[in-house]
Structure formats: C-alpha cells, structure tokens
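Dear colleague,

I am passing on a structure that you have not worked with before, and I would be grateful if you could look through it with the notes underneath to hand.

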Amino acid sequence: MVGPVRFYFEDVVLHGVLDTPAMTITETHVGLYAGLSQDVPPEPGLVPELLPLCLTPGLGWRVNQPPLAVMAFMGFEWEVLHPVRVGDTIHSRSRTAVKRSMREGGVIVEERQVINQRGEVVQKGRFTFLVAKRPS
Amino acid sequence: MSGPARRWFEEIEVGETYESPGRTVTEADIVIFAGLSGDYNILHTDAEYMKSSIFGERIAHGLLGLAIQSGLFTRTGVPYATLGVGTLRWKFKGPIKIGDTIRVRARVTAKKETDARDRGLVTVERQVLNQRDEVVQEGETDLLVERRPAG
C-alpha cells in the first residue's frame, strides 16, 4: 500500500524560497469569511486583514511539492503593511529561515509574504511549525 | 446622521479588560474554513487518521480560531473605531476540538501616538479560552484606532 506523500523535516531546504500560484480575492471570500468569523472589513470594498493571512496556508498547498508534515502550528508574527481590496490578486512567497532538529520532529520558521498583482508586499511575517521527521 | 456607537482612540484606557460571549466551534466551521482557505491538512479533515493521533480527533485550524476570536472581540462591548490591524504576535497553545466553546479575554496593555494625526495604536493582549478555562491561543494585536474627529 502506498500512503499519501508528505514533505518531512528532512526534506525542507534551509533558505529555500517557494512562490505559490495566485488567487483573486472576491466578495464571496469576504462574505464567507465574515459569516464564519463575524470579522468584517473596516469599510466596504476592503478585505478583512486576517483573511489574506488565513489564505496563505492553502496557497501553499498549490505549489508543486507534497504538503509539509505539520504536527503543530506553534505561532506566528504578522504585519499588515497595505490594504487588500476586493478584486486584488494575491500570492504568497515563503522562505525557510530556521530549521532546528528536535527529538520529536523539528522546528521550521518560515518567512512569509503576501504579494499583490502590482508586486507590492501587502502583509508579511514569520510562521513557526513543528514538523514530523521521516518515519524510519 | 450618527452611525452605530464606536469608541475613539481617546476613550480607550490602558488596563481595560473585556470578556466576550462564548462560541461553540462546530464541524461545519472547520469544513467551511478548509473550503475557504484551501487548507486540507489531515489534522482538520481526516477523522479516521486523527483517531490515532495525540488529539484523538480532528482539530480546528489555528487560523480559524484566530478568525473567530477576532469576531468575538468585536462583541466584548462597544467596538473600537478600528481602522485596521497593524501587527499580531500569536501563539497556539492547545487544540480546539469540535464542540469546544471558546471565548476571548482581552486587556489593553498600551496606547501609542502615531505620525498620522487621525489615528493611534492600541495594543490588546488576548487569550482564547475553552470551556475548561484552558488557554488554547494567546497573543497581542496592535490595532489602528481612529481619533475623535475635530469639531
């Protein structure tokens, strides 16, 4: 039997950069997100600041690489630099900044940016994950 | 015409504390968030696999908890005249499972002037608690809040 392919701690390349495909943020995204969270945009036409952040992991699933074997999402730091508007097309760029082996798995710190259709970095930060090691 | 009541930067005081109503996180929340975000990690979507994990069942996306607490925060009282979120520093401390009821406890820890004269920065420390009062997420957010318009 062949199980799902996963990207383990050992597979992560330190300082490796990944660009995701892009996605256009629509009223539907904002409406679904607002209905789910009650977190609404500060004014009509704008996208709630946390929504692009929430979309980055899913964008990461669309790169040509198996999904990271995340055991736990430990935390993040995030900075909102410019507003995202409905109709903007965003993608995400990430770079592995830290790779630290632990007894159970390893810690990966990823620098992540959200970039709009004009190439402007609209949000950026650092994500910390605990990632599984390849089963021996 | 006056809109709904909102609190200006000047009206918010360091040390104020708030507690939100609770919200039960359901399977539907997780499924919708997976569909919306495209994050189909097995932690959130594979009930059979998760039976044998340390959690014993599917858990909510950490960022779903973050999004829900953001909405809950606006229900703690008269909302701020918020222009936006500036920065966030956030830690995921424990799982949110299907059926857990979470709420936010928050405290204003700092206020700062900014270069822009129409707004200020309010730092709010937040804890997301479950029905057993366990802290499942915690962090700090810097919010841009409008000043009272002159005149």
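The notes below begin with conventions, then take up chain B, its interface with chain A, and two residues.

This is a predicted model, in which local features need pLDDT of at least 70 and side-chain atom pairs count only at pLDDT 80 or more, while totals for chains, interfaces and linings use all residues. Residues are numbered from 1 along each chain as its sequence is written, chains are lettered from A and ligands numbered from 1 in the order in which they are written, and side-chain values use heavy atoms, with hydrogens and water left out.

Chain B has four helices and six strands, where helices (H or I, at least four residues) and strands (E, at least two) are DSSP runs numbered from the N terminus. Along the sequence these elements of chain B come in the pattern β-β-α-α-α-α-β-β-β-β, and the C-alpha atoms of the chain fill a box of roughly 60 × 30 × 30 Å, taken along the principal axes. Of the 151 residues in chain B, 46% are buried, a term that stands for under 20% relative accessible area, with exposed meaning over 50% and partly exposed in between (1.4 Å probe, protein chains only). Among the contacts in chain B with a separation of 6 or more, 71% come from residues 24 or more positions apart, contact meaning heavy atoms within 4.5 Å.

As for the interface, 34 residues of chain B are in contact with 30 residues of chain A. The two chains bury about 2,700 Å² between them, 65% of it on carbon and sulfur atoms; buried area is the accessible area (1.4 Å probe) that two parts lose on being put together, summed over both. On the side of chain B, B:Leu36, B:Leu63 and B:Leu88 lose the most area to chain A, together 24% of what that side buries. The rule finds zero salt bridges across this interface (a side-chain nitrogen of Lys or Arg within 4 Å of a carboxyl oxygen of Asp or Glu), and it finds nine residue pairs in polar contact, both residues being at pLDDT 80 or more. A polar contact is a pair of N or O atoms within 3.5 Å; within protein, one must be able to donate a hydrogen and the other to accept it, and residues adjacent in sequence count only if both atoms are side-chain atoms.

Strand β3(B) gives the most to the side of chain B that touches chain A, with eleven residues. Strand β3 (residues 70-80) of chain A pairs with β3(B) in the antiparallel sense over five bridges, pairing requiring that DSSP finds at least two bridges between two strands. In this pairing A:Glu77 stands opposite B:Arg89, and A:Glu79 has B:Thr87 as its bridge partner. Within chain B, nine bridges join β3(B) to the antiparallel strand β6 (residues 135-146), with B:Val85 partnered by B:Leu143.

Two residues may help you to find your way around. B:Arg7, in the segment before β1 (17-19) of chain B, is buried at a relative accessible area of 18%, and its side chain reaches the backbone oxygen of B:Glu11 at 2.9 Å. B:Gln131, in the loop between β5 (119-129) and β6 of chain B, is partly exposed at 40% relative accessibility. The side chain of B:Gln131 makes a polar contact with the side chain of B:Asp100 (3.0 Å) and reaches the backbone nitrogen of B:Thr101 at 3.1 Å.

With best wishes
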